[in-house]
Amino acid sequence: MMQPGDDRLTDALRRLPRTEPPPPELERRILEQMRAERLLRPRRWSVRLSFAAIFAFVTFTGGYVAGSVRPRDGSPSPTHLLLVYDTPAVLSAKPEQLAQEYGRWAMQLAESRQLADGAELVPGGVVLRPDGQAVHTGNVGGYFLLHARDDAQALAIARTCPHLRYGGLLELRRLRN
Amino acid sequence: MFAMFDDKSFRAVYAEHTPALYLLALRLTRNQTDAADAVQETWLRVARRPDAFTAAASPRAWLCGILINCCREQRRAIALDAEAEDPVHTATPATRLDLEAAVRSLPEGFRQVLVLHDVEGYKHDEIARLLDIESSTSRSQLARARDRLRRTLEGYDDATRG
């Protein structure tokens, strides 16, 4: 055993274990709390797959059918912005089913020259406060740029978006051209 | 671009750091429930500032700093310190268990400095930053903690010989 003044004391302290397995349920507990506080980037694979299907479809099928869905010289400017908000409901939808519906929807818009552009947003954006503090946000999943005669037509297009049927939210804004 | 954990990346950093955090928390709180709570709160604070975690020069030191704050904020150590004034001398012969028990019997201030310096390997100026104390305080606390630890271990020896 160690004696007073014995330098072996510090050696023994240094040799004490440095790790111990935490309780098995602790990880699950923390993950649940993180999800509840929206501190965890949501699983995006279903939406990512959907967007991939849309834009692959738009680029190849839409481009073939409608000339081009991306703005280029001489093409009219988009009139409306459709923001796609993820919700737990839409993130838990079956990805294959969602992708099929998005594909059909995008094809119809591309054929009627109502879809100008769109993109999925990388998860994990920030909102900057006036004091410079960055607050994490992350539920805007992507956007579409639409061609519409007026707000009513844009709203009618937005209402056909499959995102709504799966519990997602949309925000429609007219662009100031 | 902006750091944010997803399920997979969080599980990876959790697996890498939590066993060390948990044992440190156990030594600081002397209580499994409090240690688990402190570790949970630590990870939640990290998740609220993931950019700071990923930018930290030493993620482990960053985590330990947060963990120590969480343990201190629990305040339960204050009540337990009253017990620590009269450490229980067991006759358990296992040296490591004696040493662990003796460390856990130290009052909070001694225990924090001793664990961070002699077990975790932090330097006095690092401990000063972690605990928000002067480096000289860290040195004097360590000397007193070691002295008290030796006296406690003598008590174990007497008990086992007795």
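Colleague: What pLDDT does chain A average?

Modeller: This is a predicted model, and confidence is the place to begin. In chain A, 70% of the residues score at least 70. The average pLDDT of chain A is 76.

Colleague: In which helix of chain A is confidence lowest, and in which is it highest?
Modeller: The pLDDT is below 50 over residues 45–49 of chain A, a stretch with 10 contacts beyond near neighbours in sequence. Residues 59–73 of chain A are also below 50, with 22 such contacts in the model. Where pLDDT is low, the predicted coordinates should not be read in detail. Confidence is lowest in helix 3 (residues 45–66) of chain A, at a mean of 47, and highest, at 96, in helix 6 of chain A.

Colleague: Over which residues of chain B is the pLDDT below 50?
Modeller: Chain B has a mean pLDDT of 82, and 80% of its residues reach 70 or more. The stretch below 50 nevertheless has 21 contacts in the model beyond near neighbours in sequence. That stretch of chain B is residues 84–94.

Colleague: What ipTM does the predictor give the complex?
Modeller: The predictor gives two scores for the complex. The pTM is 0.57, and the ipTM is 0.80.

Colleague: In what order do the strands of the open sheet in chain A lie?
Modeller: The sheet has 4 strands, and their pairing is antiparallel. Strand 2 (115–120) and strand 6 (169–174) of chain A are the edge strands, each pairing on one side only. From one strand to the next, the twist averages 15°. The order is 2-5-1-6.

Colleague: Which residue of strand 6 of chain A stands opposite A:Leu82?
Modeller: Strand 1 (residues 80–85) of chain A pairs with strand 6 of chain A in the antiparallel sense, over 6 bridges. Opposite A:Leu82 in strand 6 of chain A stands A:Leu172.

Colleague: At about what angle to strand 6 of chain A does helix 6 of chain A run?
Modeller: Helix 6 of chain A comprises residues 151–159. This helix lies across strand 1, strand 5 (140–146) and strand 6 of chain A. Its angle to strand 6 of chain A is about 160°.

Colleague: How much area do chain B and chain A bury between them?
Modeller: The contact takes 45 residues from chain B and 36 residues from chain A. Of the buried area, 64% is on carbon and sulfur atoms. The area buried between chain B and chain A is about 4100 Å².

Colleague: Which helix supplies the largest share of the side of chain B that touches chain A?
Modeller: Across the interface, the rule finds 10 residue pairs in polar contact, both residues being at pLDDT 80 or more. Several helices of chain B each supply at least two residues of the side that touches chain A, including helix 2 (32–48), helix 7 (108–119) and helix 9 (135–161). The largest share is 11 residues, and it comes from helix 1 of chain B.

Colleague: Which residue of chain B meets A:Arg18 in a salt bridge?
Modeller: Over all chains, the structure holds 15 salt bridges, and the rule finds 4 across the interface of chain B and chain A. A:Arg18 lies in the loop between helix 1 (8–14) and helix 2 (25–36) of chain A, and its partner lies in the loop between helix 7 and helix 8 (124–131) of chain B. The N to O distance is 3.8 Å, and the partner is B:Glu120.

Colleague: Which residue in the loop between helix 8 and helix 9 of chain B has a positive phi near 60°?
Modeller: Most residues other than glycine have a negative phi. B:Arg30, in the loop between helix 1 and helix 2 of chain B, has a positive phi of about 60°. In the loop between helix 8 and helix 9 of chain B, the residue with a positive phi near 60° is B:Asp132.

Conventions. Residues numbered from 1 in each chain as written. Chains lettered and ligands numbered in written order. Predicted model: local features only at pLDDT ≥ 70, side-chain atom pairs only at ≥ 80, totals over all residues. Heavy atoms only, no water. Pairing = 2+ DSSP bridges. Axes fitted to C-alpha atoms, helices over the stretch in contact; angles between N-to-C directions. Contact = heavy atoms within 4.5 Å. pLDDT = per-residue confidence, 0-100. Buried area = accessible area lost by both parts, 1.4 Å probe. Salt bridge = Lys/Arg side-chain N within 4 Å of Asp/Glu carboxyl O. Polar contact = N/O pair within 3.5 Å; in protein donor to acceptor, adjacent residues only side chain to side chain.
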